Amino acid sequence: MGNTKHTGPVKLSKKPDPQHWVSKVPFGLGKIKPHHIRDTMKVVWENKDNLPYATRILTKGVCDGCALGVKGLQDQTLTGPHVCTTRLNVLRLNTMSAIDEDILHADIDELRKMSSTELRKLGRIPYPLIRRPGERKFSRVSWDEALDTIAEKMKALDPKQYAFYLTSRGITNEAYYTAGKTARFLGTNNVDNASRICHSPSKTAMTRSLGIGASSCNYKDWIGTDVLVFWGSVAANNQPVSTKYMYAAKRKGTKIIIINPYYEPSMDEYWIPSIPDSALFGTKIADDVYQVNIGGDIAFMHGIMKHWFDMEERQPGSAINHEFVQEHANGIEELKEKVTSYEWEQLEQSSGITKERMIELAELLANSDSAVFVWSMGLTQHRFGTDNVSQVANLALLRGFIGRENCGVMPIRGHSGVQGSGEMGADPFVLPGGGMTEENIRRVEEQWGFDIPRWQGDIVGVSLENALLPEDHERKLKLYYMSGGNFLETMPNPDYVKDCLENVDIRVHQDIIFNTSTLVDAKEAVIVLPAMTRYEQPGGGTSTSTERMVYFSPEIKGPRIEEARSEWEIYVDLAKRVKPDQKYLIDFKNAQEIRDEISVTAPNYDGIQHLNEENSVFQWGGAWLCEDGVCPTPDGKGNLISVELPELRKPEGHFYVTTRRGKQFNSMVYSESDPFNDADRFDVLMNEEDGKKHDISEGDSIVVYNQHGVFNGRAKFVSLKSGNIEVHWPEGNALIPKGVYEQYAGIPEYNTAVIVEKAETYYAHKDTKYVEKRIVELEVDA
């Protein structure tokens with residue numbers, strides 16, 4: 001942890017800076033780019049029925065979109081107002097009225113004809129609902145009947161046979177904490193959250209490398225650092241306000257490096273609507289782009305370190321900060337032996353980057369006094385995601401880019417609640433204040449007053465799979481309690497996920513809206529519980545940003561869904577019904593009581609108890625974790641982790657595929673076309689030369705397939721690394737293998753080998769053994 005405190009927002013110069021302009025043509029006329037003004041007007045129109053309430057949410061609440069941590073229209077990085085189209089798109093979820101009852105109680109097959117986008121637009125869930133086998137529609141039930149049904153089922157089950165899951169959009173720390181405590185109170189460790197399918201490898205890798213589970217630095221550290229590296233992160237699309245920080249960094253002379261298979265347009269040129277000269281003429285963001293193979297990041301980082309060790313052989317001290325490493329890092333000799341054992345040809349083939357380009361970035365970093373490394377799911381959503389992130393930590397440790405101003409490692413969070421989820425203990429591996437160690441379990445037991453189960457809880461993917469176990473299996477999932485989320489659109493292999501969901505006895509959907517998973521059958525009952533948004537929660541709520549800022553978001557005066565209840569209150573009520581004789585152990589009366597308890601149970605959060613007014617905020621851990629290089633590890637040192645190159649086997653002429661986001665928030669799609677490249681949801685992004693090799697022209701109907709599934713789309717040529725293709729998520733999830741998880745953090749694999757063919761070729765052979773023979777070529781461990 002650190003002693004230095006965050007110094008608050010800095011002022012951005014209003015003087016234009018033409019050297020960074022994209023073009024002198026105003027507003028990017030004629031270019032493919034977002035239309036911020038048009039999109040804003042559309043949001044105003046959508047919220048016209050509740051415009052005063054919408055305005056209060058924007059000006060008084062903490063953003064429930066990404067985890068940049070904008071409170072009201074302000075943040076801790078730059079002065080001035082901040083708002084983005086992502087936040088504006090999510091806004092309607094908070095201001096909608098209830099679903100019309102005729103639609104709510106329509107025939108289930110009529111509802112199933114709708115997409116999640118169409119279901120979302122129907123409105124809010126107004127009251128508890130239930131649907132049993134054979135019933136054609138949802139029926140209204142009382143809160144007592146709904147919760148008693150769930151409680152009676154739980155009483156009849158072994159605690160290993162039920163599980164809890166919480167999504168990340170808009171959920172507060174208070175809800176996460178209560179859910180984690182409720183799960184353990186009821187005797188189960190099967191509680192997980194949305195971080196499992198986005199950033200769980202970040203926390204796991206940073207913990208083993210640095211002893212920390214969150215960003216070591218702040219967004220302010222971007223501004224003025226020598227080099228700002230975005231690795232597998234499209235922040236301009238997923239965290240649009242961050243483009244202001246990039247703009248400020250450019251004005252301070254920072255070099256911005258992008259590492260991604262796709263030369264993402266939004267990370268190259270961006271028109272920032274709240275900065276006049278950028279809104280008019282755009283901002284050139286990227287100084288350089290390294291187009292790495294999907295899965296080739298470890299080889300790329302090995303190449304950088306290999307050259308550093310070569311530099312050291314010629315001139316000691318020219319690349320590695322020996323003073324820092326000697327005092328603050330373990331394992332340099334093992335790391336040197338590993339990275340120098342690989343030949344350049346191996347590293348080039350795996351990474352897709354030439355030796356010369358690897359040396360180029362290695363020398364840029366070696367000659368820099370500071371750097372910040374930012375990454376997202378391009379690094380984490382791999383079966384070797386933890387090793388990917390550990391190599392980023394290696395780069396930082398070798399150069400001493402840790403624990404000081406303008407330096408650090410940052411897993412940038414795409415959802416407002418996800419950083420706090422694990423820190424609050426809604427995680428099978430974690431309790432408030434630490435991991436599931438015997439020491440921490442006993443400490444929390446003393447605070448809570450009841451025993452915590454010692455057996456290992458299941459991650460979300462395994463919980464789903466457990467629904468298909470034999471009836472008498474001790475871990476057969478028979479009740480799944482989900483706060484938000486839609487596994488049909490977030491997990492690999494949606495057909496398999498549907499089978500899992502249908503094989504649960506009772507499935508509980510605690511949510512504010514319907515989605516496609518809400519409509520899937522269950523063996524005994526589907527129960528739907530209407531939740532409040534964070535802005536409706538009595539006593540307000542808190543959320544933790546990427547940079548560890550804990551913000552208080554007050555209750556906002558406005559219309560209410562009459563029977564909706566705050567998420568934490570529902571958990572408490574359920575727990576009391578399951579164990580009425582021990583209800584005093586979990587009897588929170590209000591949100592303040594939860595914050596008071598968090599401050600003790602999770603020591604890093606000492607300060608949260610004082611957050612109860614608009615604009616109140618504190619940062620746990622200080623401005624920089626590992627300040628002055630001192631890590632919260634047993635010996636106070638960071639660990640340099642040596643890893644093997646992952647084996648990425650695919651036959652000649654085949655492709656590696658990954659998924660990407662368009663105009664969407666998580667799985668909630670807001671437009672059928674991407675404003676940055678004009679791709680629609682079923683376009684397959686590919687390299688033009690690859691298309692020529694396969695006799696594919698732009699716009700051709702093509703089929704992407706493997707042993708897991710088939711994706712029908714159209715070829716769209718973009719600047720993408722040869723041998724790689726990208727499809728939109730979640731539409732392309734049918735191609736992704738089920739049951740493949742990263743060994744340390746449990747994140748599903750979201751990349752795989754595929755065949756790409758013109759549709760006419762594929763369908764001409766579909767009744768022969770041709771396709772099966774082609775697929776056999778892929779049946780290797782990719």
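Me: I'd like to learn how to read strand pairing. Which residue in E6 is the bridge partner of Leu228?

Reply: Good place to start! Please keep in mind that this is a predicted model. In general, strands of a sheet pair through backbone hydrogen bonds, either parallel or antiparallel. In this model, Leu228 has Ile256 in E6 as its bridge partner. That bridge belongs to a wider pairing: strand E5 (residues 227-231) and E6 run in the parallel sense, with five bridges.

Me: Which strand, besides E5, does E6 pair with, and in which sense?

Reply: E6 also pairs with strand E9 (residues 288-290), in the parallel sense and over three bridges. You can find one facing pair by looking for Ile259, which stands opposite Tyr290 in E9.

Me: How many residues of E6 are buried?

Reply: Strand E6 (residues 255-259) has five residues, and four of them are buried, so the strand is mostly covered. A residue is called buried when its relative accessible area is under 20%.

Me: Let's try another strand. How many residues of E26 are buried?

Reply: Four of the five residues in strand E26 (residues 701-705) are buried, so the rest of the structure largely encloses this strand.

Me: Which strands does E26 pair with?

Reply: One partner is strand E27 (residues 710-717), which pairs with E26 in the antiparallel sense over five bridges. Look for Ile702, which stands opposite Gly713 in E27. A hairpin of four residues connects E26 to E27. Another partner is strand E29 (residues 752-758), again antiparallel to E26, with four bridges. There, Val703 faces Glu757 in E29.

Me: What do E26, E27 and E29 form together with other strands?

Reply: They are part of a closed barrel of six strands, in the order E22-E28-E25-E27-E26-E29, with mixed pairing. On average, neighbouring strands of this sheet are turned by 45° against each other, ignoring direction. For a parallel pair in the barrel, follow strand E22 (residues 655-660) and strand E28 (residues 724-728), which are joined by five bridges. Thr659 has Val727 in E28 as its bridge partner.

Me: Now cysteines. How many disulfides does the structure hold?

Reply: Zero. The way to check is to look at the distance between sulfur atoms, as a disulfide needs a pair within 2.5 Å. For Cys407, the nearest cysteine sulfur is that of Cys217, 8.4 Å away. For Cys631, the nearest is that of Cys626, at 3.6 Å. Cys631 is in no disulfide because the cut-off is 2.5 Å.

Me: Are Cys407 and Cys631 buried or exposed?

Reply: Both are buried: Cys407 has a relative accessible area of 1%, and Cys631 has 4%.

Me: How do I read the surroundings of a single residue? Where is Arg565, for example?

Reply: Begin with its place in the chain, then ask about burial and contacts. Arg565 sits in the loop between strand E19 (549-553) and helix H25 (567-578). Arg565 is buried, with a relative accessible area of 15%. Its side chain makes a polar contact of 3.0 Å with the side chain of Asp573. Leaving aside residues up to four places away in sequence, Arg565 touches several others, including Trp143, Leu147 and Pro530.

Me: What would the same steps give for Asn89?

Reply: Asn89 lies in helix H3 (residues 85-95). Asn89 is buried, with a relative accessible area of 16%. Apart from residues up to four places away in sequence, Asn89 touches Val43, Lys663 and Tyr670.

Note on methods:
Residues are numbered from 1 along each chain as its sequence is written. This is a predicted model: local features need pLDDT of at least 70, side-chain atom pairs count only at pLDDT 80 or more; totals for chains, interfaces and linings use all residues. Side-chain values use heavy atoms; hydrogens and water are left out. Helices (H or I, at least four residues) and strands (E, at least two) are DSSP runs, numbered from the N terminus. Buried means under 20% relative accessible area, exposed over 50%, partly exposed in between (1.4 Å probe, protein chains only). A polar contact is a pair of N or O atoms within 3.5 Å; within protein, one must be able to donate a hydrogen and the other to accept it, and residues adjacent in sequence count only if both atoms are side-chain atoms. Contact means heavy atoms within 4.5 Å. Two strands pair if DSSP finds at least two bridges between them. Axes are lines fitted to C-alpha atoms, for helices over the stretch in contact, and angles run from 0 to 180 degrees between N-to-C directions.
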